[in-house]
Amino acid sequence: MIKINTSRFGELEIDEKRVVHFKDGIPAFEEEKEFVILPYEEETPYYFMQSMKTPDLAFLITVPFLFFPKYTFEIDDETLAELDISEKDKVLYYTLITIPNFSIRYMTTNLLAPVVINTKNMQAKQVVLEKTNYTTKERLFPEKEGK
C-alpha cells in the first residue's frame with residue numbers, strides 16, 4: 001500500500017496494483033507519470049484520474065462508450081507494442097472531461113485523445129487519434145433538436 005495526499009480526497013492508501021503508469025506522462029503534464037482512478041461517486045459514470053505526485057491534480061474522466069455507444073477507433077501498432085497489449089488483454093478506455101464555467105449542462109469530453117490502459121501491466125497512454133472526425137470538445141449532453 002502507498003499513501004498519497006490529495007486535495008480532493010485527503011490522505012489515501014492506494015494498492016500499488018491500482019497505480020496507472022504513463023511512460024511519457026500525458027500531454028501538457030509530461031512530468032506526471034503515475035495516477036490512480038477513483039470513482040467520483042457510486043453509481044455515476046464519472047471518475048477522477050488523481051495524480052500520485054501532485055495533490056491538486058485530478059482529471060475528471062468517463063468511459064466514453066456510455067455517452068457515445070457508436071464511438072469506435074483503432075489503436076495504432078506502435079501504441080499496442082508500447083503498452084504491451086495483446087488480443088486477450090483487458091483494456092480500459094477513458095476520456096477527459098471539461099466543465100466550462102462549472103456548467104454540467106455544457107460538459108464536453110475529448111474523444112480525439114482517449115486514455116488507453118492495459119490492465120495486465122497498468123501501462124497507459126493518452127492516444128491522439130488520426131484520420132477521425134472526433135474532436136476535443138464533444139458535448140456529453142447535446143441540445144435537443146427543436147429547443
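**Exercise 1.** In this predicted model, decide whether K131 counts as buried or exposed.

*Solution.* Start with the value: K131 has 85% relative accessibility. Next, recall the cut-off: exposed means over 50%. K131 therefore counts as exposed. Now place the residue. K131 sits in the loop between strand 10 (123–126) and strand 11 (138–139). Last, check its backbone. K131 is not a glycine, yet its phi is positive, at about 50°.

**Exercise 2.** Find where E43 lies, then state whether E43 is buried or exposed.

*Solution.* Take the location first. E43 belongs to the loop between strand 4 (34–39) and strand 5. Then take the accessibility. E43 counts as exposed because its relative accessibility is 80%. Finish with the backbone: phi of E43 is near 65°, a positive value in a residue other than glycine.

**Exercise 3.** Identify the residues that touch the most other members of the largest nonpolar core, and the elements that give two or more residues to this core.

*Solution.* The largest nonpolar core has 17 residues. Within that core, Y46, I97, V116 and L140 touch the most other members. Two or more residues come from each of strand 5 (46–51), strand 6 (58–62) and strand 7 (91–98). A second, separate core has 15 residues, among them V20, I26, F59 and Y94.

**Exercise 4.** List the contacts of L140, leaving aside neighbours within four places in sequence.

*Solution.* Begin with two residues already met: L140 is in contact with Y46 and I97. Add the phenylalanines, F67 and F68. Complete the list with M107, T108 and T109.

Notes:
Residues are numbered from 1 along each chain as its sequence is written. This is a predicted model: local features need pLDDT of at least 70, side-chain atom pairs count only at pLDDT 80 or more; totals for chains, interfaces and linings use all residues. Side-chain values use heavy atoms; hydrogens and water are left out. A nonpolar core is a set of buried Ala, Val, Leu, Ile, Met, Phe, Trp, Tyr and Cys residues joined through side-chain atoms within 4.5 Å. Buried means under 20% relative accessible area, exposed over 50%, partly exposed in between (1.4 Å probe, protein chains only). Helices (H or I, at least four residues) and strands (E, at least two) are DSSP runs, numbered from the N terminus. Contact means heavy atoms within 4.5 Å.
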